[in-house]
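Trainee: Could we go through this structure together? I would like to begin with the strands and then turn to the helices.

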Amino acid sequence: MSAIGTSRRLRAYAYGAVTTVVVLLFALGEWWAEKYVADRSRLASTTIEIAIVLIATLAFRPLHQRVEAAVEAAFTKRRREAREAVARLRKELTSFNDPQQVLRRVVEAVDHHMGATASAIYLLRRGTYTAEASSYDVPLASVEADDPLAIRLRSTAAPADPHALGSPAPGRIAFPMMAGGDLIGFLALATKHAEFEPEDRHALAGLAEAAGMAMAALDPRLRSQGATAPRNNLPRAVTSFVGRDAEIVEIRDLLDRHALVTLVGSGGVGKTRTSLQVAANAAAGFVDGTWLVELAPLASGDYIPSTIAQAVGLKLPATGEPLDNLIGALKNKHALLVFDNCEHLVEPSGHIIAAILAGCPGIKVLASSRQALDIAGEQAYRLPSLEVPESGTAELSAAAGMRSAAIALFVERAASVDKRFALTDQNVGVVAEICRQLDGIPLAIELAASKTVVLSPRQLSGKLDERFRLLAQTGTGRMPRQQTLHALIDWSFDLLDAAERAVFRRLSIFAGGWTLDAAQAACADAELDAWRVLELLSALVAKSLVVVDPSAADPRYRMLHSIREYSRERLDEAGETHAVAAKHARYYADLVHDLVPLAESLEDVQWRERLAPEIDNLRGALDWSIFRSNDRAVGLRLLAGIELPELLTTPHEAIRWFDAAHDLLDAPGDGLTKARVLRHRTHLEWLVGRPLALREATATRGLVAARETADPNEIARGLAHLGAIYRDANRFDEADAMFAEAYGSPDALSALTTNAVLRNWAVTDLQRGDLDLARRRFTAVAARERVGSEWHGSALLNLGELEFAAGNFAAAQAIARKARETFAHLNTAPLALALCNLAAYAMAVDDFEEARDCLADALRLLKASGARWMMNALEHHAVLGGLVGDHERACAIVGFTDARYVDGGSRQKTEQYGYERLMRALARAYDEAELGERLRAGARLSELQVLELAAISQRIPQKRAAGAA
């Protein structure tokens, strides 16, 4: 309301004023410190800055808390007192004996306490609602009994917006006044803002309800006349309708243009509630009423005609066909029939609805079902789950979270059971994750929200693994199948035949979706061939148990999380889990093996596009075959076929797969599989930065296995890996021998192998200082790579390094920026390396701002992926610190990284350039003894401590230090 909106603004102004004052004081303190230190020592500067930080920390926090408490108390007290005053009046109304006093006091209370700019009370007189009390300055129009606002308020307890409904009633919100089930009037309010907190909305609704009861008791005419508008049997909603604004408009548009609209969707997605809301909004357009026909209690289609007649209030003749009699009674009526829960009677209900529509031109039907009725003229509308913020949404605020319909529903239902609950910037992320885990299903969200009275959002999120036990509720007025999530899905499962149930439970083996080929591989058996699986999968899609994404070139299917968990239970109960998991793992092992030629031909983008959607299935297959030791051979074959594991997941996760498989390689098996697994592990050990000795041991073992296969590509790749390790250890002659042998028969090598060998050989040339030879080899590699691919990005990085080594800093920056664009588009680990290189190139030309930004992004990415370039990023931070005069932190960080290079190989040209420049700057800042001690202190730090130093250095103003090298 307006008072509430004003209070929020004033609170924000107060907080802003306090914060501004404190920040100004802090800035003045720093200015004074800099002025003071201009003629004094660095020690004095450090001491004063520390003192300022301590004072600001100690002073600001209690001051902020005190101001916050004072402001909060002032504004919440005003709102609380207003609601208490309204509550007192609500209780007093029953003791009034003058109808005009009731009306006058209610209008005064709404205007004075609740911040309304004007209000009015309309009462039903001879079929018309007339304003009998008002604080408006102009006369108010009457509202007819068939006005959309009146119809809406009769069908739901929730308030409505007269303006949005096209009603002549004033204001932006109206609350119903009921008596004996009839709408005898309503309270309409005008406000400066259309913003209401749940507590204020509840207080106003309660006051309108009490006023209606009081007026009905004092004015016999209101009790006796009843409503004269078209009747309906729509149940009054006991909770507000959240979200679905766009869907309501779309469904209403379909209903205006077609005789039959069927809302289709999974259980709990809100089909019933949405259809009732659409019906309530559309009721004004049907002179003979809007009628709900509940089919859920019926076990047979024989009773549908009599159920319709009972709902509409018709008496059918005792003789003749019930359906013919029903059509005769409805023939001349203009009404809307709302059929709810048709899924268990699809065929009979479809037949009856088709007959009614054919014989009754004035009848329209809005149906809800888990599958379409499949009759002529039907417009099926698939109702989606509520919108949920995407996973990984950074820094989601409470205000932004409330724009999500799923979160808004959770908050409203949680607040209804626990008035203390509020969405905050601190808990919005957890609430969003709850809604994501529940797939945005309204019923599941409402059941979960009801638990917030005993569980915090974080506790609730942690228990969703046991969702079928957690999400249960009784005594709420719901049908039994709506009181637990498990019972809701039971209802759908019980409607399936034996073959549908078999495919339904077997599909639970998939994680993250699947293709038709995958479904046929996992679900087919002696009784169900591939064509039959296709038919059954289509049936499950039609029955809203499987979701299909038709937008992809090869359509993908998936189950909602809750349905998949239920289906997995059924798979375990049937004793089929092991057999289906075996089929699943074999299928994905075959899939990655079949895609190896794609990677070998340098089509890494297409390779990734084919496999990236299957990452969860690959994880599941590896978990079953490798980690649970169910089928070693299948698991190893799957790993051997993943040519570019770092394109599918983080290096840290990928190395865990290959570590688990490493000990399994001692058992007899396919030699080529063993060689490939060891080769991939060697590459990943480099990516995560493992010590040279460990990498050399793995590479040597892999080369031995490759030689046993006599496969030229595998041997060449094994030699190239070992050559790269020798290079990193500055054993250049041994490295050259490896590369020369690997490239001995280039015509026998695939494009991927050729480039892998030449790329590593060229890096060796660069490290050794032979720039011309390195340029020729790098250029040859880049010419063969597909533009925009992972390997093309790597080739660009190599060329950038070459230009930097040649002193062409501008050219190096331009090439590295192209590489960054490629890796950013692919979202792969080397993006961090590209950023590190760009930072180094920027520092070479004294662009410290760009260097700082690149290093901040690189550090964030490396923390997430665990890729090998963390030491690079940290040392570049040290270089940046040294160049801008932050020598203390630079010493600590470079002392840490310097110690790690002892076992991690040598620096490459770019890193060596920055390192030498840094050490020259530090040598000017400290004498030899102090510098040595500071470096040794840095070597003793933990990685966590160094990361914190790097994070602090990012916040320091980047100014060029005097005399920086």
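Mentor: Gladly. Strand 8 and strand 9 run parallel and are joined by 5 bridges. Please keep in mind that this is a predicted model.

Trainee: Which residue stands opposite K364 of strand 9?

Mentor: The residue opposite K364 is L336.

Trainee: In what order do the strands of that open sheet come?

Mentor: The order is 7-8-9-6-10, so to read the sheet one passes through 5 strands with parallel pairing. From one strand to the next, the twist averages 20°.

Trainee: Which strands stand at the edges?

Mentor: Strand 7 (290–294) and strand 10 (378–382) do. Each has a single partner strand, so one side of each has no neighbour in the sheet.

Trainee: Which strands does helix 8 lie across?

Mentor: Helix 8, residues 271–282, lies across strand 6 (260–264), strand 7, strand 8 and strand 9. Its direction is at about 160° to strand 9. Helix 9 also packs on the sheet, where it touches strand 7 and strand 8. The direction of helix 9 makes about 140° with that of strand 7.

Trainee: Moving on to helix 10, which of its residues are buried?

Mentor: In helix 10, which spans residues 322–330, the buried residues are L323, N325, L326, I327 and L330.

Trainee: And what do they pack against?

Mentor: The buried residues of helix 10 pack against two helices and two strands: helix 9 (304–312), helix 11 (346–359), strand 8 (335–340) and strand 9 (363–369).

Trainee: Why does L323 count as buried?

Mentor: The relative accessible area of L323 is 17%, and the cut-off for buried is under 20%.

Trainee: What is L323 in contact with, leaving aside neighbours within four places in sequence?

Mentor: L323 is then in contact with P305, H351, I352, A355 and I356. As for A309, which is 14 residues from L323 along the chain, the C-alpha atoms of the two are separated by 9.8 Å.

Trainee: Let us change topic. At what angle do helix 20 and helix 23 pack?

Mentor: Helix 20 (residues 516–523) and helix 23 (residues 577–594) pack at about 140°, and their axes are 8 Å apart. The two helices are therefore oblique to each other. Helix 20 passes helix 23 in a right-handed crossing.

Trainee: Which residues make the contact?

Mentor: Helix 20 contributes D517, A518, A521 and A522, while helix 23 contributes V580, K583, Y587 and Y588. These contact residues divide into 6 nonpolar, no polar and 2 charged.

Trainee: How many residues of helix 15 are buried?

Mentor: In helix 15 (residues 442–449), 8 of its 8 residues are buried, so to describe the helix as mostly covered is fair. Among them are P442, L443, E446 and A449.

Trainee: And how many residues of strand 5 are buried?

Mentor: Strand 5, residues 182–190, is mostly covered too, with 8 of its 9 residues buried.

Trainee: What are the bridges that strand 5 makes with strand 1 and with strand 4?

Mentor: Strand 1 (residues 118–125) pairs with strand 5 in the antiparallel sense over 6 bridges, and A120 stands opposite A188 in strand 5. Strand 4 (residues 173–179) also runs antiparallel to strand 5, and 7 bridges join them. There, I173 stands opposite L189 of strand 5.

Conventions
Residues numbered from 1 in each chain as written. Predicted model: local features only at pLDDT ≥ 70, side-chain atom pairs only at ≥ 80, totals over all residues. Heavy atoms only, no water. Buried < 20%, exposed > 50% of the residue type's maximum accessible area, 1.4 Å probe, protein only. Helix = DSSP H or I, 4+ residues; strand = E, 2+ residues; numbered from the N terminus. Contact = heavy atoms within 4.5 Å. Axes fitted to C-alpha atoms, helices over the stretch in contact; angles between N-to-C directions. Parallel < 35°, antiparallel > 145°, perpendicular 65-115°, else oblique. Left-handed = near helix turned anticlockwise from the far one by under 90°. Nonpolar A, V, L, I, M, F, W, Y, C, P; charged D, E, K, R; others polar. Pairing = 2+ DSSP bridges.
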